[in-house]
Amino acid sequence: MEARRENAELIHQYCATHDPALREEIILRHIPLVHYVLGRLGISPSLGADYEDAVSQGLLGLIEAVDHYDLAYGTQFSTYATLRIRGKALDHLRSSDWLSRGARKRARLVQEGLATLWERLQRMPTEEELATHLNLDLPRVQQALADSSRILVSLDAMTSSNAEDEAPLYELVADPAQEEPSAHVEEAELKHFLTQALSQLPEREQLILALYYYEELTFKEIGEVLNISESRVCQIHGRLVTTLQAMLNHYLRSPSIIKEADL
């Protein structure tokens, strides 16, 4: 708490004076935030040079945050900086094709396989079922799941199996300031469907999603909590979110399934 107060005071002083020494101190103090944000994206030091490149981009985002932050934004600097760092890192990863063509192809194949199996089974398929369906060995499927998690599959961008056509979830949910009745109904149904889908997941999978999206732990930290490896968390996350993507796409095509499931 004391450190947070000190950082806030430092930000206020810099905004008032634009002292270069204060700017440098703010940047140095917030370097750990860059590594935290990358960890939340599943980008770990195990990626070697790719991780270092992502760190460099994240630092650029941090510097931009310091240079552009305005107290009038009404939000904490760390929140604003997180968005800038994340945006820079994602832009870099999207533009640099940091996965090999073969790995990216297998990741997309796994995503399509999960979608197919969910529609067939109406439940989340196991990794063994997915491996059999794709005629791939289990280790290769698990690696492809980890790659799926790392190619920016997330709960705020899961409305299309085609990466080029992805639309963030928030773009499908109406602005709460709008009073248009049908939009409120659609939003309520979408939330109900997602709640229903999440409730069908095994307890450990629900815990992983809760730790990642609500407690905001990194994959490494989640692995420490569950006593499994960071790569295993990444694999499970990839399978979970890709299957939820398939379920959501199916619902958007046939919204009546939510009513049928309640009967």
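Is Arg239 buried or exposed, and what is its relative accessibility? Select Arg239 in your viewer and keep it in mind: at 7% relative accessibility this residue counts as buried, where buried means under 20% relative accessible area, exposed means over 50%, and partly exposed lies in between, using a 1.4 Å probe and protein chains only.

Before going on, note that this is a predicted model, in which local features need pLDDT of at least 70 and side-chain atom pairs count only at pLDDT 80 or more, while totals for chains, interfaces and linings use all residues. Residues are numbered from 1 along each chain as its sequence is written, and side-chain values use heavy atoms, with hydrogens and water left out.

**The whole chain**

Show the chain as a cartoon, and you can follow 13 helices and 0 strands; helices (H or I, at least four residues) and strands (E, at least two) are DSSP runs, numbered from the N terminus. Of the 263 residues of the chain, 41% count as buried. If you take the contacts (heavy atoms within 4.5 Å) between residues at least 6 apart in sequence, 62% of them join residues at least 24 apart.

**Helices H2 and H4**

Next, select H2 (residues 20-29) together with H4 (residues 49-68). The two helices pack at an angle of about 140 degrees, with their axes 10 Å apart; axes are lines fitted to C-alpha atoms, for helices over the stretch in contact, and angles run from 0 to 180 degrees between N-to-C directions. That makes H2 oblique to H4, since angles under 35 degrees count as roughly parallel, over 145 as roughly antiparallel, 65 to 115 as roughly perpendicular and the rest as oblique. To see where they touch, pick out Arg23, Ile26 and Ile27 of H2, and then Leu62, Ile63, Val66 and Asp67 of H4.

Now display the side chains of Arg23 and Asp67, which meet in a salt bridge at 2.7 Å, N to O; the term stands for a side-chain nitrogen of Lys or Arg within 4 Å of a carboxyl oxygen of Asp or Glu. Because Arg23 lies in H2 and Asp67 in H4, the pair ties together parts that are 44 residues apart in sequence. Both ends are partly exposed, Arg23 at 28% relative accessibility and Asp67 at 35%.

Stay on H2 and select Arg29 and Glu25, whose side chains also meet in a salt bridge, here at 3.0 Å, N to O. These residues are 4 residues apart in the helix, so about one helical turn separates them.

**Back to Arg239**

Return to Arg239 and add Glu127, because the side chains of these two meet in a salt bridge at 3.5 Å, N to O. This pair links distant parts of the chain, with Glu127 in helix H7 (residues 127-134) and Arg239 in helix H12 (residues 230-253), 112 residues apart. Glu127 counts as buried, at 4% relative accessibility. Add Glu205 and Arg232 to the selection, and you have one network of four residues, Glu127, Glu205, Arg232 and Arg239, joined by salt bridges that share partners. The structure holds 8 salt bridges.

**Helix H3 and its end**

Finally, select helix H3 (residues 31-40), where the buried residues are Leu33, Val34, Val37, Leu38, Gly39 and Arg40. Just after H3, look at Gly42, which takes a positive phi of about 80 degrees.
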